[in-house]
Amino acid sequence: MEVAIVDAGLALAAGLHSRGIQAHVFEKSPNLIVDTATATSLGPNASRALDGISVGLSAAIKSVASITKTTKVTFCGSRNGDETFVTRYDGVRDDEFYVVKWRSARSILASRVPALYIHCSHALLDYCLEDQSVALRFQCGGEVAIFRAKFVVGADGINSAVRRAMYPADRPRDLHLINWNALVHNPGRFSVHDRDQIASIRKGPSVSFLVDAGEDYTLWVLRVEDRSTAKGSSDGFCDESGKARVLQEIDKLLGSSPAWEPLKVAVEATEAGQIFQRRIKDRIPLESWSDLDHRVVLMGDAAHAMHWGPGQGARTAFEDAHQLCELLSPALAAGSPEDLKRAVIRYEELRIPRMTRIQNFAAETTSIADFMPAWVTELTPGDLWGRWKEFQQWAASYPLNITGDPDSTYFK
Ligand SMILES: Cc1cc2nc3c(=O)[nH]c(=O)nc-3n(C[C@H](O)[C@H](O)[C@H](O)COP(=O)(O)OP(=O)(O)OC[C@H]3O[C@@H](n4cnc5c(N)ncnc54)[C@H](O)[C@@H]3O)c2cc1C
(Lines give C-alpha, C1' and ligand atoms only; values in the text may rest on other atoms or scores of the structure.)
Protein backbone atom coordinates (compact mmCIF):
# COMPACT_ATOMS: atom_id res chain seq x y z
CA MET A 1 0.00 0.00 0.00
CA GLU A 2 1.09 3.55 -0.64
CA VAL A 3 -0.79 5.13 2.29
CA ALA A 4 -2.49 3.46 5.27
CA ILE A 5 -4.71 5.55 7.53
CA VAL A 6 -5.45 4.05 10.91
CA ASP A 7 -8.96 5.20 11.05
CA ALA A 8 -11.07 8.25 11.19
CA GLY A 9 -8.95 10.02 8.67
CA LEU A 10 -11.99 9.62 6.44
CA ALA A 11 -11.66 13.27 5.38
CA LEU A 12 -8.00 12.70 4.55
CA ALA A 13 -8.81 9.49 2.65
CA ALA A 14 -11.54 11.30 0.68
CA GLY A 15 -9.09 14.10 -0.22
CA LEU A 16 -6.29 11.74 -1.23
CA HIS A 17 -8.64 9.64 -3.41
CA SER A 18 -9.89 12.79 -5.15
CA ARG A 19 -6.19 13.48 -5.97
CA GLY A 20 -5.69 9.97 -7.37
CA ILE A 21 -3.91 8.51 -4.31
CA GLN A 22 -5.26 5.17 -3.18
CA ALA A 23 -5.26 5.46 0.60
CA HIS A 24 -6.58 2.57 2.71
CA VAL A 25 -8.57 3.16 5.93
CA PHE A 26 -8.43 0.67 8.84
CA GLU A 27 -11.15 0.92 11.51
CA LYS A 28 -11.31 -1.21 14.64
CA SER A 29 -15.14 -1.28 14.86
CA PRO A 30 -17.29 -3.52 12.67
CA ASN A 31 -18.89 -0.35 11.22
CA LEU A 32 -17.36 2.96 10.25
CA ILE A 33 -20.19 4.87 11.87
CA VAL A 34 -19.96 4.39 15.63
CA ASP A 35 -22.81 6.13 17.48
CA THR A 36 -22.00 8.24 20.53
CA ALA A 37 -25.11 10.49 20.33
CA THR A 38 -22.92 13.46 19.47
CA ALA A 39 -23.33 16.40 17.15
CA THR A 40 -20.51 18.71 16.22
CA SER A 41 -20.47 22.44 15.82
CA LEU A 42 -18.45 23.48 12.76
CA GLY A 43 -17.38 26.93 11.58
CA PRO A 44 -15.52 28.78 8.81
CA ASN A 45 -12.18 27.06 9.49
CA ALA A 46 -13.83 23.65 9.09
CA SER A 47 -15.59 24.76 5.89
CA ARG A 48 -12.40 26.11 4.32
CA ALA A 49 -10.54 22.94 5.25
CA LEU A 50 -13.33 20.69 3.92
CA ASP A 51 -13.50 22.54 0.60
CA GLY A 52 -9.71 22.38 0.32
CA ILE A 53 -9.93 18.63 0.87
CA SER A 54 -12.57 18.13 -1.80
CA VAL A 55 -14.71 20.68 -3.64
CA GLY A 56 -18.31 20.78 -2.36
CA LEU A 57 -17.63 18.84 0.84
CA SER A 58 -18.71 21.62 3.21
CA ALA A 59 -21.95 22.16 1.23
CA ALA A 60 -22.69 18.42 1.44
CA ILE A 61 -22.27 18.47 5.22
CA LYS A 62 -24.21 21.73 5.61
CA SER A 63 -27.12 20.17 3.70
CA VAL A 64 -27.87 17.94 6.73
CA ALA A 65 -26.82 20.47 9.38
CA SER A 66 -28.61 23.19 11.30
CA ILE A 67 -27.32 26.75 10.86
CA THR A 68 -26.53 28.50 14.17
CA LYS A 69 -26.48 32.27 13.68
CA THR A 70 -25.82 33.23 17.30
CA THR A 71 -24.47 31.81 20.54
CA LYS A 72 -26.06 32.76 23.87
CA VAL A 73 -24.12 32.08 27.06
CA THR A 74 -25.48 32.64 30.58
CA PHE A 75 -22.92 32.70 33.41
CA CYS A 76 -24.81 31.75 36.59
CA GLY A 77 -23.91 32.77 40.09
CA SER A 78 -21.38 35.49 39.25
CA ARG A 79 -21.03 38.54 41.54
CA ASN A 80 -23.76 40.29 39.49
CA GLY A 81 -26.13 37.30 39.47
CA ASP A 82 -26.81 35.66 36.07
CA GLU A 83 -25.02 37.43 33.19
CA THR A 84 -26.00 36.65 29.60
CA PHE A 85 -24.04 37.38 26.41
CA VAL A 86 -25.26 36.86 22.86
CA THR A 87 -22.84 37.03 19.99
CA ARG A 88 -22.32 36.70 16.33
CA TYR A 89 -18.75 36.95 15.07
CA ASP A 90 -17.44 40.04 13.26
CA GLY A 91 -16.82 39.52 9.56
CA VAL A 92 -18.48 36.10 9.51
CA ARG A 93 -21.54 35.45 7.34
CA ASP A 94 -24.77 34.37 9.01
CA ASP A 95 -24.62 30.80 7.67
CA GLU A 96 -21.02 30.00 8.56
CA PHE A 97 -21.59 28.20 11.86
CA TYR A 98 -23.57 24.97 11.79
CA VAL A 99 -24.20 21.87 13.87
CA VAL A 100 -24.29 18.40 12.36
CA LYS A 101 -24.86 14.93 13.77
CA TRP A 102 -21.38 13.36 13.86
CA ARG A 103 -22.66 10.11 12.32
CA SER A 104 -24.19 12.06 9.40
CA ALA A 105 -20.93 13.93 8.78
CA ARG A 106 -18.97 10.66 8.86
CA SER A 107 -21.43 8.99 6.44
CA ILE A 108 -20.90 11.83 3.95
CA LEU A 109 -17.12 11.54 4.26
CA ALA A 110 -17.25 7.74 3.95
CA SER A 111 -19.35 7.99 0.76
CA ARG A 112 -16.34 9.71 -0.86
CA VAL A 113 -13.95 6.80 -0.19
CA PRO A 114 -14.34 3.70 -2.44
CA ALA A 115 -15.60 0.77 -0.31
CA LEU A 116 -12.71 -1.39 -1.52
CA TYR A 117 -10.30 0.77 0.49
CA ILE A 118 -12.19 0.63 3.81
CA HIS A 119 -11.28 -2.23 6.16
CA CYS A 120 -13.49 -2.47 9.26
CA SER A 121 -12.85 -4.81 12.22
CA HIS A 122 -9.10 -4.07 11.96
CA ALA A 123 -7.78 -2.85 15.32
CA LEU A 124 -4.18 -1.69 15.13
CA LEU A 125 -1.96 -3.33 17.75
CA ASP A 126 1.33 -1.63 16.86
CA TYR A 127 3.68 -0.92 13.99
CA CYS A 128 7.36 -1.27 13.24
CA LEU A 129 9.61 0.48 10.74
CA GLU A 130 11.27 -1.71 8.09
CA ASP A 131 13.74 -0.70 5.36
CA GLN A 132 11.24 0.21 2.64
CA SER A 133 7.92 0.19 4.50
CA VAL A 134 6.03 0.31 7.77
CA ALA A 135 4.61 -3.02 9.00
CA LEU A 136 1.22 -2.64 10.74
CA ARG A 137 -0.09 -5.40 13.03
CA PHE A 138 -3.90 -5.62 13.27
CA GLN A 139 -6.22 -7.72 15.41
CA CYS A 140 -8.98 -8.94 13.07
CA GLY A 141 -11.38 -11.08 15.09
CA GLY A 142 -9.32 -14.00 16.42
CA GLU A 143 -6.48 -13.43 13.93
CA VAL A 144 -3.52 -11.10 13.71
CA ALA A 145 -2.88 -9.70 10.23
CA ILE A 146 0.12 -7.74 8.97
CA PHE A 147 -0.07 -5.08 6.25
CA ARG A 148 2.77 -3.00 4.84
CA ALA A 149 2.56 0.60 3.68
CA LYS A 150 5.07 3.20 2.52
CA PHE A 151 3.41 5.89 4.64
CA VAL A 152 1.09 5.70 7.66
CA VAL A 153 -1.25 8.27 9.21
CA GLY A 154 -2.42 7.66 12.79
CA ALA A 155 -5.93 9.13 12.97
CA ASP A 156 -7.18 6.72 15.59
CA GLY A 157 -8.50 9.13 18.21
CA ILE A 158 -7.63 9.97 21.79
CA ASN A 159 -6.57 6.42 22.71
CA SER A 160 -4.45 6.13 19.56
CA ALA A 161 -2.48 2.89 19.18
CA VAL A 162 -0.19 4.68 16.70
CA ARG A 163 0.65 7.33 19.32
CA ARG A 164 1.21 4.59 21.93
CA ALA A 165 3.73 2.87 19.64
CA MET A 166 5.43 6.25 19.04
CA TYR A 167 5.34 7.46 22.69
CA PRO A 168 4.89 4.40 24.92
CA ALA A 169 4.76 6.35 28.22
CA ASP A 170 2.25 8.99 27.08
CA ARG A 171 -1.37 8.55 28.23
CA PRO A 172 -4.62 10.62 28.00
CA ARG A 173 -5.05 13.07 30.90
CA ASP A 174 -8.26 12.88 32.96
CA LEU A 175 -9.85 16.35 33.26
CA HIS A 176 -12.04 15.52 36.32
CA LEU A 177 -15.20 16.00 34.24
CA ILE A 178 -18.08 13.72 33.41
CA ASN A 179 -20.20 14.41 30.34
CA TRP A 180 -23.62 13.31 29.16
CA ASN A 181 -25.05 14.03 25.75
CA ALA A 182 -28.06 12.89 23.73
CA LEU A 183 -29.61 13.45 20.34
CA VAL A 184 -33.37 13.52 20.76
CA HIS A 185 -35.68 13.20 17.77
CA ASN A 186 -37.71 16.36 18.14
CA PRO A 187 -39.94 17.27 15.22
CA GLY A 188 -41.71 19.97 17.27
CA ARG A 189 -42.24 17.87 20.45
CA PHE A 190 -40.70 20.44 22.78
CA SER A 191 -39.01 23.81 22.48
CA VAL A 192 -36.04 24.61 24.74
CA HIS A 193 -34.00 27.24 22.92
CA ASP A 194 -34.35 29.96 20.29
CA ARG A 195 -34.16 28.88 16.67
CA ASP A 196 -30.74 29.20 14.97
CA GLN A 197 -29.04 29.61 18.34
CA ILE A 198 -26.63 27.65 20.53
CA ALA A 199 -27.81 28.13 24.13
CA SER A 200 -25.25 27.49 26.85
CA ILE A 201 -25.47 27.82 30.63
CA ARG A 202 -22.36 27.84 32.84
CA LYS A 203 -21.61 27.72 36.52
CA GLY A 204 -17.93 27.03 37.16
CA PRO A 205 -17.08 23.67 35.56
CA SER A 206 -20.80 22.83 35.05
CA VAL A 207 -21.86 23.59 31.49
CA SER A 208 -24.89 22.75 29.37
CA PHE A 209 -25.63 23.13 25.67
CA LEU A 210 -28.92 23.00 23.85
CA VAL A 211 -28.97 23.26 20.08
CA ASP A 212 -30.73 22.06 16.98
CA ALA A 213 -28.52 19.39 15.37
CA GLY A 214 -30.35 19.21 12.01
CA GLU A 215 -32.57 16.41 10.62
CA ASP A 216 -35.16 17.22 13.36
CA TYR A 217 -32.81 16.35 16.24
CA THR A 218 -32.10 18.39 19.37
CA LEU A 219 -28.67 17.94 20.98
CA TRP A 220 -28.28 18.44 24.70
CA VAL A 221 -25.02 18.23 26.62
CA LEU A 222 -24.32 18.44 30.35
CA ARG A 223 -20.84 18.39 31.82
CA VAL A 224 -20.06 18.53 35.55
CA GLU A 225 -16.97 18.15 37.73
CA ASP A 226 -16.44 14.61 38.96
CA ARG A 227 -13.33 13.39 40.72
CA SER A 228 -14.80 10.16 42.06
CA THR A 229 -15.11 7.81 39.10
CA ALA A 230 -11.90 8.31 37.12
CA LYS A 231 -10.94 4.66 37.59
CA GLY A 232 -13.09 1.73 36.55
CA SER A 233 -15.77 3.74 34.74
CA SER A 234 -16.34 3.08 31.07
CA ASP A 235 -17.92 5.25 28.42
CA GLY A 236 -21.26 4.12 26.96
CA PHE A 237 -25.01 4.53 26.78
CA CYS A 238 -26.86 4.92 30.11
CA ASP A 239 -29.50 2.90 31.89
CA GLU A 240 -32.28 4.40 34.09
CA SER A 241 -29.85 5.02 36.97
CA GLY A 242 -27.65 7.06 34.61
CA LYS A 243 -30.59 9.23 33.59
CA ALA A 244 -31.58 9.66 37.27
CA ARG A 245 -28.02 10.90 38.01
CA VAL A 246 -28.29 13.50 35.21
CA LEU A 247 -31.60 14.77 36.61
CA GLN A 248 -30.10 14.92 40.12
CA GLU A 249 -27.20 17.03 38.82
CA ILE A 250 -29.67 19.38 37.12
CA ASP A 251 -31.73 19.70 40.32
CA LYS A 252 -28.57 20.76 42.19
CA LEU A 253 -27.88 23.41 39.52
CA LEU A 254 -31.51 24.57 39.56
CA GLY A 255 -30.93 25.48 43.20
CA SER A 256 -28.67 28.32 41.96
CA SER A 257 -30.69 29.53 38.94
CA PRO A 258 -33.87 28.73 36.97
CA ALA A 259 -31.77 29.16 33.79
CA TRP A 260 -31.17 25.35 33.84
CA GLU A 261 -34.91 24.56 33.49
CA PRO A 262 -34.90 24.07 29.65
CA LEU A 263 -32.17 21.43 30.04
CA LYS A 264 -34.38 19.54 32.49
CA VAL A 265 -37.24 19.58 29.95
CA ALA A 266 -34.92 18.12 27.27
CA VAL A 267 -33.51 15.42 29.58
CA GLU A 268 -36.97 14.38 30.79
CA ALA A 269 -38.00 13.92 27.13
CA THR A 270 -35.01 11.60 26.50
CA GLU A 271 -35.00 7.81 26.91
CA ALA A 272 -32.20 6.63 29.22
CA GLY A 273 -30.67 4.44 26.49
CA GLN A 274 -30.17 7.48 24.24
CA ILE A 275 -27.89 9.24 26.75
CA PHE A 276 -24.17 8.73 26.21
CA GLN A 277 -21.89 9.10 29.23
CA ARG A 278 -18.14 9.66 29.00
CA ARG A 279 -15.27 10.97 31.04
CA ILE A 280 -13.57 13.93 29.43
CA LYS A 281 -9.86 13.55 28.75
CA ASP A 282 -7.31 15.36 26.69
CA ARG A 283 -3.70 15.00 25.58
CA ILE A 284 -0.75 17.18 26.56
CA PRO A 285 0.70 18.98 23.47
CA LEU A 286 3.60 17.17 21.77
CA GLU A 287 6.67 18.70 20.13
CA SER A 288 6.65 16.17 17.29
CA TRP A 289 3.81 14.23 15.64
CA SER A 290 5.98 11.90 13.57
CA ASP A 291 8.38 9.04 14.12
CA LEU A 292 12.10 9.52 13.66
CA ASP A 293 12.27 9.09 9.89
CA HIS A 294 8.90 10.76 9.18
CA ARG A 295 7.10 7.75 7.67
CA VAL A 296 4.41 7.67 10.37
CA VAL A 297 2.53 10.82 11.36
CA LEU A 298 -0.38 11.70 13.67
CA MET A 299 -3.49 13.81 13.01
CA GLY A 300 -6.81 14.67 14.70
CA ASP A 301 -7.38 13.57 18.29
CA ALA A 302 -4.43 11.16 18.03
CA ALA A 303 -2.18 14.23 17.69
CA HIS A 304 -4.04 16.84 19.76
CA ALA A 305 -7.11 15.55 21.64
CA MET A 306 -8.53 18.46 23.61
CA HIS A 307 -11.40 19.31 25.91
CA TRP A 308 -14.44 19.90 23.67
CA GLY A 309 -15.20 23.33 25.26
CA PRO A 310 -14.26 25.59 22.33
CA GLY A 311 -15.66 23.08 19.78
CA GLN A 312 -12.43 22.81 17.78
CA GLY A 313 -11.59 19.06 17.86
CA ALA A 314 -13.28 18.02 14.63
CA ARG A 315 -12.69 21.40 12.97
CA THR A 316 -8.96 21.13 13.47
CA ALA A 317 -8.91 17.44 12.47
CA PHE A 318 -10.27 18.69 9.11
CA GLU A 319 -7.53 21.34 9.02
CA ASP A 320 -4.93 18.57 9.54
CA ALA A 321 -6.48 16.53 6.73
CA HIS A 322 -6.48 19.57 4.44
CA GLN A 323 -2.81 20.35 5.05
CA LEU A 324 -1.81 16.69 4.69
CA CYS A 325 -3.69 16.41 1.37
CA GLU A 326 -1.92 19.49 -0.02
CA LEU A 327 1.52 18.44 1.19
CA LEU A 328 1.39 14.68 0.63
CA SER A 329 -0.01 14.54 -2.89
CA PRO A 330 2.97 16.23 -4.64
CA ALA A 331 5.40 14.38 -2.34
CA LEU A 332 3.85 10.98 -3.12
CA ALA A 333 3.79 11.81 -6.85
CA ALA A 334 7.50 12.69 -6.70
CA GLY A 335 8.03 9.35 -4.98
CA SER A 336 11.26 10.00 -3.05
CA PRO A 337 11.60 9.51 0.72
CA GLU A 338 13.22 12.97 0.91
CA ASP A 339 10.09 14.61 -0.57
CA LEU A 340 7.87 12.81 1.93
CA LYS A 341 10.14 13.81 4.79
CA ARG A 342 10.01 17.49 3.73
CA ALA A 343 6.19 17.30 3.50
CA VAL A 344 5.90 15.93 7.04
CA ILE A 345 8.31 18.50 8.49
CA ARG A 346 6.28 21.30 6.86
CA TYR A 347 3.02 19.79 8.17
CA GLU A 348 4.43 19.84 11.70
CA GLU A 349 5.70 23.42 11.34
CA LEU A 350 2.26 24.57 10.24
CA ARG A 351 0.17 22.57 12.67
CA ILE A 352 1.96 22.12 16.01
CA PRO A 353 2.25 25.79 17.13
CA ARG A 354 -1.42 26.45 16.28
CA MET A 355 -2.64 23.27 17.94
CA THR A 356 -0.57 23.87 21.08
CA ARG A 357 -2.38 27.20 21.55
CA ILE A 358 -5.77 25.64 20.85
CA GLN A 359 -5.15 22.68 23.21
CA ASN A 360 -4.05 24.99 26.03
CA PHE A 361 -7.05 27.28 25.54
CA ALA A 362 -9.37 24.25 25.46
CA ALA A 363 -7.92 23.01 28.76
CA GLU A 364 -8.64 26.32 30.49
CA THR A 365 -12.29 26.16 29.36
CA THR A 366 -12.72 23.25 31.79
CA SER A 367 -12.93 26.02 34.46
CA ILE A 368 -10.93 23.68 36.71
CA ALA A 369 -8.02 25.48 38.35
CA ASP A 370 -5.60 22.53 37.82
CA PHE A 371 -5.76 23.10 34.04
CA MET A 372 -5.87 26.94 33.92
CA PRO A 373 -3.29 29.71 34.29
CA ALA A 374 -3.92 31.29 37.73
CA TRP A 375 -4.70 34.75 36.27
CA VAL A 376 -7.51 33.34 34.09
CA THR A 377 -9.30 32.08 37.22
CA GLU A 378 -9.60 35.75 38.32
CA LEU A 379 -11.34 37.03 35.15
CA THR A 380 -14.89 38.40 35.19
CA PRO A 381 -17.58 36.80 32.96
CA GLY A 382 -17.26 39.83 30.62
CA ASP A 383 -13.51 39.33 30.23
CA LEU A 384 -13.88 35.57 29.81
CA TRP A 385 -16.41 36.19 27.08
CA GLY A 386 -14.08 38.70 25.34
CA ARG A 387 -11.24 36.18 25.51
CA TRP A 388 -13.51 33.43 24.12
CA LYS A 389 -14.67 35.60 21.22
CA GLU A 390 -11.15 36.66 20.30
CA PHE A 391 -9.97 33.06 20.36
CA GLN A 392 -12.88 31.91 18.18
CA GLN A 393 -12.31 34.68 15.62
CA TRP A 394 -8.65 33.75 15.33
CA ALA A 395 -9.43 30.01 15.06
CA ALA A 396 -12.12 30.70 12.44
CA SER A 397 -9.73 32.74 10.27
CA TYR A 398 -7.81 29.61 9.17
CA PRO A 399 -5.69 29.45 7.05
CA LEU A 400 -4.80 33.10 7.70
CA ASN A 401 -2.28 33.71 10.47
CA ILE A 402 -1.99 29.95 10.77
CA THR A 403 0.94 29.88 13.18
CA GLY A 404 0.54 33.33 14.75
CA ASP A 405 -1.29 34.51 17.87
CA PRO A 406 -4.66 36.27 17.90
CA ASP A 407 -4.23 40.03 17.57
CA SER A 408 -4.93 40.38 21.20
CA THR A 409 -6.73 42.43 23.80
CA TYR A 410 -7.81 39.51 25.93
CA PHE A 411 -5.81 36.62 24.50
CA LYS A 412 -2.41 36.97 26.10
C1 LIG B 1 -19.21 15.72 23.81
C2 LIG B 1 -18.30 16.16 22.69
C3 LIG B 1 -18.63 17.29 21.95
C4 LIG B 1 -17.80 17.72 20.92
N5 LIG B 1 -18.13 18.84 20.22
C6 LIG B 1 -17.34 19.26 19.22
C7 LIG B 1 -17.70 20.42 18.46
O8 LIG B 1 -18.73 21.04 18.70
N9 LIG B 1 -16.89 20.82 17.44
C10 LIG B 1 -15.73 20.14 17.14
O11 LIG B 1 -15.03 20.53 16.19
N12 LIG B 1 -15.35 19.04 17.86
C13 LIG B 1 -16.13 18.59 18.87
N14 LIG B 1 -15.77 17.49 19.59
C15 LIG B 1 -14.48 16.82 19.30
C16 LIG B 1 -14.57 15.88 18.11
O17 LIG B 1 -15.63 14.97 18.25
C18 LIG B 1 -13.26 15.12 18.00
O19 LIG B 1 -12.18 16.02 18.06
C20 LIG B 1 -13.20 14.38 16.69
O21 LIG B 1 -14.16 13.34 16.70
C22 LIG B 1 -11.81 13.80 16.47
O23 LIG B 1 -11.82 13.04 15.32
P24 LIG B 1 -10.76 11.91 15.10
O25 LIG B 1 -11.10 11.43 13.75
O26 LIG B 1 -9.39 12.42 15.31
O27 LIG B 1 -11.02 10.83 16.26
P28 LIG B 1 -12.34 9.96 16.58
O29 LIG B 1 -13.57 10.64 16.10
O30 LIG B 1 -12.25 9.57 18.02
O31 LIG B 1 -12.14 8.68 15.72
C32 LIG B 1 -11.17 7.71 16.05
C33 LIG B 1 -11.53 6.43 15.28
O34 LIG B 1 -10.42 5.55 15.35
C35 LIG B 1 -10.92 4.26 15.63
N36 LIG B 1 -9.84 3.55 16.32
C37 LIG B 1 -9.45 3.76 17.60
N38 LIG B 1 -8.43 2.93 17.90
C39 LIG B 1 -8.18 2.21 16.79
C40 LIG B 1 -7.24 1.18 16.48
N41 LIG B 1 -6.36 0.72 17.39
N42 LIG B 1 -7.26 0.62 15.24
C43 LIG B 1 -8.15 1.08 14.30
N44 LIG B 1 -9.07 2.04 14.55
C45 LIG B 1 -9.08 2.60 15.77
C46 LIG B 1 -12.16 4.49 16.49
O47 LIG B 1 -13.05 3.39 16.44
C48 LIG B 1 -12.76 5.72 15.83
O49 LIG B 1 -13.60 5.40 14.74
C50 LIG B 1 -16.60 17.01 20.61
C51 LIG B 1 -16.27 15.87 21.35
C52 LIG B 1 -17.10 15.45 22.39
C53 LIG B 1 -16.70 14.23 23.17
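How far from an oxygen atom of the ligand does a backbone N or O atom of Gly311 lie? The distance is 3.1 Å, which falls inside the cut-off for a polar contact (a pair of N or O atoms within 3.5 Å; within protein, one must be able to donate a hydrogen and the other to accept it, and residues adjacent in sequence count only if both atoms are side-chain atoms). Once bound, the ligand has 85% of its 1,000 Å² buried by the protein, the area being what the ligand exposes when taken alone; accessible areas here come from the Shrake-Rupley method with a 1.4 Å probe, and for residues only the protein chains shown count as cover. This is a predicted model, so to speak of local features takes a pLDDT of at least 70 and side-chain atom pairs count only at pLDDT 80 or more, while totals for chains, interfaces and linings use all residues. Residues are numbered from 1 along each chain as its sequence is written, and side-chain values use heavy atoms, with hydrogens and water left out.Two other backbone contacts reach ligand oxygens. A polar backbone atom of Ser41 sits 2.8 Å from an oxygen atom of the ligand, and a backbone N or O atom of Asp301 is also found at 2.8 Å from a ligand oxygen. Ser41 and Asp301 are among the residues that come nearest, along with Glu27, Leu124 and Ala314, out of 30 around the ligand (a residue is near if one of its heavy atoms lies within 4 Å). By type, this shell splits into 10 nonpolar, 12 polar and eight charged residues, where Ala, Val, Leu, Ile, Met, Phe, Trp, Tyr, Cys and Pro count as nonpolar, Asp, Glu, Lys and Arg as charged, and the others, Gly among them, as polar. At least two shell residues each come from β3 (39-42), α4 (102-110), β9 (123-129), β13 (173-185), α8 (300-304) and α9 (313-334); α9 gives the largest share, three residues. Helices (H or I, at least four residues) and strands (E, at least two) are DSSP runs, numbered from the N terminus.

Helix α9 also carries Asp320. With 0% relative accessibility, Asp320 counts as buried (under 20% relative accessible area; exposed is over 50%, partly exposed in between, with a 1.4 Å probe and protein chains only). Its side chain makes a polar contact of 2.7 Å with the side chain of Arg351. Beyond neighbours within four places in sequence, Asp320 is in contact (heavy atoms within 4.5 Å) with Trp289, Met299, Gly300, His304, Tyr347 and Arg351.

On to the aromatics. The structure holds 12 aromatic pairs, counted when ring centres of Phe, Tyr and Trp (its six-membered ring) lie within 6.5 Å, with planes under 30 degrees apart called stacked, over 60 edge-to-face and the rest tilted. Phe75 and Phe85 pair edge-to-face, because their centres are 5.8 Å apart and their planes stand at 85°. Phe75 belongs to strand β5 (residues 70-78) and Phe85 to strand β6 (residues 81-87), 10 residues apart. Phe75 is buried, at 11% relative accessibility. Trp289 and Tyr347 are edge-to-face as well, at 5.7 Å centre to centre and 65° between the planes. Trp289 lies in the loop between β18 and β19 and Tyr347 in helix α10 (residues 337-364), so this pair ties together parts 58 residues apart in sequence. Trp289 and Tyr347 are both buried. One aromatic cluster is formed by Phe361, Trp388, Phe391 and Trp394.

His294 is placed in the loop between β18 (276-282) and β19 (296-298). His294 is buried, with a relative accessible area of 13%. Not counting residues up to four places away in sequence, His294 touches Phe151, Lys341, Val344, Ile345 and Glu348.
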